[in-house]
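This report describes selected features of one protein model. Please consult the sequence and the structure shown below while reading.

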Amino acid sequence: MKTCFRTFLIVGGVFAGASLAPLKSRVTADDAPLYGYSASSSAVERQWEEKMRAIPDPKNLRAYMERLTARPHNVGSAYDKDNAEWLLGKFKEFGLDAHIESFSVLYPTPKERLVELVDGGPHFTAKMQEPPVPGDPTSGQTSEQLPTYNAYSIDGDVTAPLVYVNYGVPEDYEVLERHGVSVKGAIVIARYGKSWRGIKPLVGAEHGAVGCIIYSDPRDDGYSGGETFPKGPWRPKDGVQRGSVQDSAMFMGDPLTPAIGATADAKRVPLKDAQSLTKIPVLPISYADAEPLLLAIAGPVAPRDWRGGLPITYHLGPGPAKVHLKMFSNWDMKPLYDVIAQIPGGTYPEEWVMRGNHHDAWVNGAEDPTSGMVTVLEEARSMGELLKQGWKPKRTIIYCAWDGEEPGLLGSTEWVETHVDELRLHAVAYINSDSNSRGYLEMEGSHTLEHFMNDVARDVQDPETKLSVWKRAQLRGIAGASTAEEKRDLLERHDMRLDMLGGGSDHAPFLNFAGIAAIGIGYAGEDHGGIYHSIYDDFYWYTHFSDYDFIYGRALSQTGGIAVMRLADADLLPLQFADFADDIRMYVREVEKFAGQQREQIQELNQKIQEGLFEATADPRETWVTPKREEIPPHLNFAPLDNAVEDLARSSADYQKALDKISANGGAALAGTSLREVNELLMQSERRLTTPEGLPGRFWYKHQLYAPGAYTGYAAKAIPAVRESLEQKKWKEAEQAAARVAQVLENESVLINSATTKLSAMTK
Ligand SMILES: [Zn+2]
């Protein structure tokens, strides 16, 4: 899986309007108290945070990385277990109470792989082998490297004509249809990018393809970006992106134990009934292997924006290129080793603040995931140091190092599924990271924590510019804003909006399945490259081309550390609903706008068809298939959603008033344990956003406000049941979903009102 942090966004130019005020140190006693703290507990907290900030050491981050990436450590490998035991030892050495929790999961590894061009061009067999690079010591560990493959592809042996499908997302198939190209009975070749990779075989199979090849085009992460490895950071010609293609639309985790923990005695689905394997065989290849295949495709020339970076003319097909694709796996069960480390809370031990990163990789995995894992480990060491100095968090803190994230968030999902009842009672929040590089703080997650995370970011210094990481992220946002509205938002709104969390990392079981407020953090935006999920993602690459002095690693330890401490020590849980209500209003407006646009587009399309526009403008020498008339959507009733948003805004404002009142004059009422009942309500606020039956056709995804798109995979969709019904043109379902989401929001307002009543009673 790929975290969304590496956005490859290049921000050009300098924004002239914003003032580059130096970082105002927030670590002074005269500052306003932290949100959710009384004046006195805030002053104490700031002192501990100041101490914490000074502890993380780049030298340690580098040493941890060198150790963890010394050998390949995919699920089931000897070094995966070795790393888990080493992490366990470290957590214990730091003074945390740690143990390993083990699960048993289905984890296929390749037995037979073949891609050969058998017709339409000179016979060619794909190499599917990444060569060692001189000077890069771990690239030569060939006996331990997992071959290049896509995990959870079904077994298959097919020979068929080849069709080029661009990124292989649903829109691409509409373009193929206009050109009269069908993939029925064909093997599709798609390039990596734009969607999560598992979407490509899924959509291909839905259109009748019998096999799928996914390749890394040099336009996307190879030489078009810059020098290739080892001269530069970009993907070399034989580099291959491994990765899972498990169908994640329905559920995540082990395919044999949907929604239950994969413990030794769990009831398992027989392999033949496993729902989340692909429907057609899939293999990934390099651009060196893809070139002869693409060269042998004829038929219409691919549209301009479908053409990649290879020095060939891209055609659509089908054929005359004919490919023989063979993929067989060893369908073995493998052990997972999750490392779980605790610091018991002093005042509210039954309230858990959780923080994690995965430790497994496809190969040596320096960037993904070790660059993130080492910052979490160093954070845990910092907590241990503070404990020795007398710090005692109010709440229990749990550090997690997950196994099996790469094949499908297995370690985190199985752990959450095993402990879901306890978690729903005790979990305050989960903070995730995955890979880390250099640049800007990227924050995503639950909007009840938006204000909280903005405050955390204001208190961390960017190691290069010495601005706060909040200021730097804000300025980057302004420089890159695509609309005036977005720019105004960034300039005038007190808090930057958090992006939603999609799929692709270990936050998903917490947020989407268990309804636990979750946040993803990481630094990115200044490093680029093409070693993702290849043997070249290793210590040599990272220490030459990424955060080689580990100063952004230290910044991430500080960011995560402060967030964890501040959640764990707060008098009143620092969830804030004003930002939340404002964000949800924006998402509701977006979904309503989308419904209106769809109506207009369909009207326009029908008009064009009626006027014969397509036939009149098509080049008669080229094949052109006119789209069919579509039914005009009815006007939909979104009033329940609009009303629910208004209620939410009112409840949030009332809560804020009550909190301001109780916080006035030092907020003495906040101290002590009289807030227990309010905190219990607040902890449940994210749970209220879920329903037991989940999203339509996606029972594992219980959260009604956010989900990874069923046809995008990584990218999140807001109010997904409504949004996806609209996208699929199921109008009645969209309206019903809107009513259900409205009910969820009304329930949330009721919870906020109860918290307000309890807070108000304390100031009477
Ligand atoms: Zn990762």
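## Two cis peptide bonds

Where is the place of Pro320? Pro320 is found in the loop between helix H7 (287-295) and strand S10 (322-330); helices (H or I, at least four residues) and strands (E, at least two) are DSSP runs, numbered from the N terminus. Gly319 and Pro320 are joined by a cis peptide bond, with omega about -5°. A second cis bond runs from Phe229 to Pro230, with omega near 10°. Pro230 belongs to the loop between helix H6 (218-221) and strand S8 (243-244).

## Basis of the model

The model is predicted: local features need pLDDT of at least 70, side-chain atom pairs count only at pLDDT 80 or more, and totals for chains, interfaces and linings use all residues. Residues are numbered from 1 along each chain as its sequence is written, and side-chain values use heavy atoms, with hydrogens and water left out.

## Positive phi angles

Most residues other than glycine have a negative phi, and most peptide bonds are trans. Met128, a residue other than glycine, has a positive phi near 50°. Met128 lies in the loop between strand S3 (124-125) and strand S4 (150-151). Met128 is classed as buried because its relative accessible area is 4%; buried means under 20% relative accessible area, exposed over 50%, and partly exposed in between (1.4 Å probe, protein chains only).

Asn166 also has a positive phi, near 60°. Its loop lies between strand S5 (156-164) and helix H4 (170-178). Asn166 has a relative accessible area of 4% and is therefore buried.

## The zinc site

Which residues coordinate the zinc ion? The donor atoms come from His358 (NE2), Asp368 (OD) and Asp434 (OD), with Asp434 (OD) listed twice, at 2.0 to 2.7 Å. Donors are N, O and S atoms within 2.8 Å of the metal (3.2 Å for Na, K and Ca); water is not among the atoms, so sites may look incomplete. The arrangement is irregular because the 4 donor atoms subtend angles of 52 to 146° around the zinc ion. Four donors count as tetrahedral if all angles lie between 85 and 135 degrees; four count as square planar and six as octahedral if opposite donors are over 155 degrees apart and all others between 65 and 115; anything else is irregular.

Along the sequence, the spacing of the donor residues is H-x9-D-x65-D. Distant parts of the chain are linked here: Asp368 is in helix H8 (residues 366-388), while Asp434 is in the loop between strand S14 (427-432) and strand S15 (439-445), 66 residues apart. Both Asp368 and Asp434 are buried.

## Helix H8 and a distant residue

Helix H8 also contains Thr375. Thr375 is buried, because its relative accessible area is 0%. Between the C-alpha atoms of Thr375 and Thr559 the distance is 9.8 Å, although the two are 184 residues apart in sequence.

## Cysteines

A disulfide is a covalent bond between the sulfur atoms of two cysteines. With a disulfide taken as a pair of cysteine sulfur atoms within 2.5 Å, the count is 0. Cys212 counts as buried because its relative accessibility is 0%. Cys400 is likewise buried, at 0% relative accessibility.

## Cavities

How many cavities of 30 Å³ or more are found in the whole structure? The search finds 4. On a 1 Å grid over the protein atoms alone, a cavity is a set of points where a 1.4 Å probe fits but cannot get out, and a pocket is an open set with protein on both sides within 12 Å along at least five of seven lines; lining residues have an atom within 4 Å of a point. Grid points are joined across faces, edges and corners, and a volume is the space filled by probe spheres set on the points.

The largest cavity holds about 80 Å³. Its lining has 16 residues, of which Ser248, Met252, Tyr701, Pro708 and Gly713 are the closest to the centre. The second largest cavity holds about 70 Å³. Among its lining residues are Gly198, Pro201, Asp247 and Lys279.

## The second largest pocket

The second largest pocket encloses about 1200 Å³. Of its 27 lining residues, Glu171, Glu174, Glu630, Glu727 and Lys729 lie nearest the centre. H4 and helix H17 (577-610) are the elements that give two or more residues to this lining, and H17 supplies the largest share, 8 residues.
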